[in-house]
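Work through the two exercises below with the model at hand, and try each task before reading its solution.

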Amino acid sequence: MADTQQVDARAERKVARLAREISAFSKAHGGAEGQVAHIGERGARIVLVGEDGGWGDLVAPTYEIAEKAVEKAGITVHESFDGEFAAKVATGPYEWKRMAGIQIGG
């Protein structure tokens with residue numbers, strides 16, 4: 001039983017750390033929304049989009065931890081990354097160069 005409590009405590013610390021990072025992102029960008037997606041054995045990806053169009057992501061070891069973290073941070077969570085939510089992402093010259101580089105093998 002001690003092992004279970006240790007795992008739960010570790011998971012709760014991870015949730016708290018991710019929630020702090022999400023909250024800091026939200027504060028820095030005038031608010032934020034997010035989306036949680038499975039990424040296989042790696043866990044789950046939390047994609048964040050700020051009200052100012054800034055974006056970023058975090059990786060959680062499990063989908064459950066990611067869900068708890070976004071809930072604790074109190075942000076709006078979308079089921080998928082499409083439509084109006086995706087349109088909020090601001091892209092600049094850096095992103096366009098990276099996307100072009102990928103297309104032409106750079």
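Helices (H or I, at least four residues) and strands (E, at least two) are DSSP runs, numbered from the N terminus. The model is a predicted one, in which local features need pLDDT of at least 70 and side-chain atom pairs count only at pLDDT 80 or more, while totals for chains, interfaces and linings use all residues. Residues are numbered from 1 along each chain as its sequence is written, and side-chain values use heavy atoms, with hydrogens and water left out.

**Exercise 1.** Place Glu33 in its strand and determine whether Glu33 is buried or exposed.

*Solution.* Begin with the secondary structure: Glu33 lies in strand 1, which spans residues 32-38. Next, take its relative accessibility, which is 9%. Buried means under 20% relative accessible area, exposed over 50%, and partly exposed in between (1.4 Å probe, protein chains only). Glu33 is therefore classed as buried, because its relative accessibility is 9%.

**Exercise 2.** Identify the polar partners of the Glu33 side chain, then describe the residues that Glu33 touches.

*Solution.* A polar contact is a pair of N or O atoms within 3.5 Å; within protein, one must be able to donate a hydrogen and the other to accept it, and residues adjacent in sequence count only if both atoms are side-chain atoms. The side chain of Glu33 meets that of His78 at 2.3 Å, and a polar contact of 2.3 Å also links the side chains of Glu33 and Lys88. Finally, widen the search to any contact (heavy atoms within 4.5 Å): leaving out residues up to four places away in sequence, Glu33 touches Val47, Leu48, Val49, Glu51, Ile75, Thr76, His78, Phe85 and Lys88.

**Setting.** The protein has 4 helices and 4 strands, arranged along the sequence as α-β-β-β-α-β-α-α.
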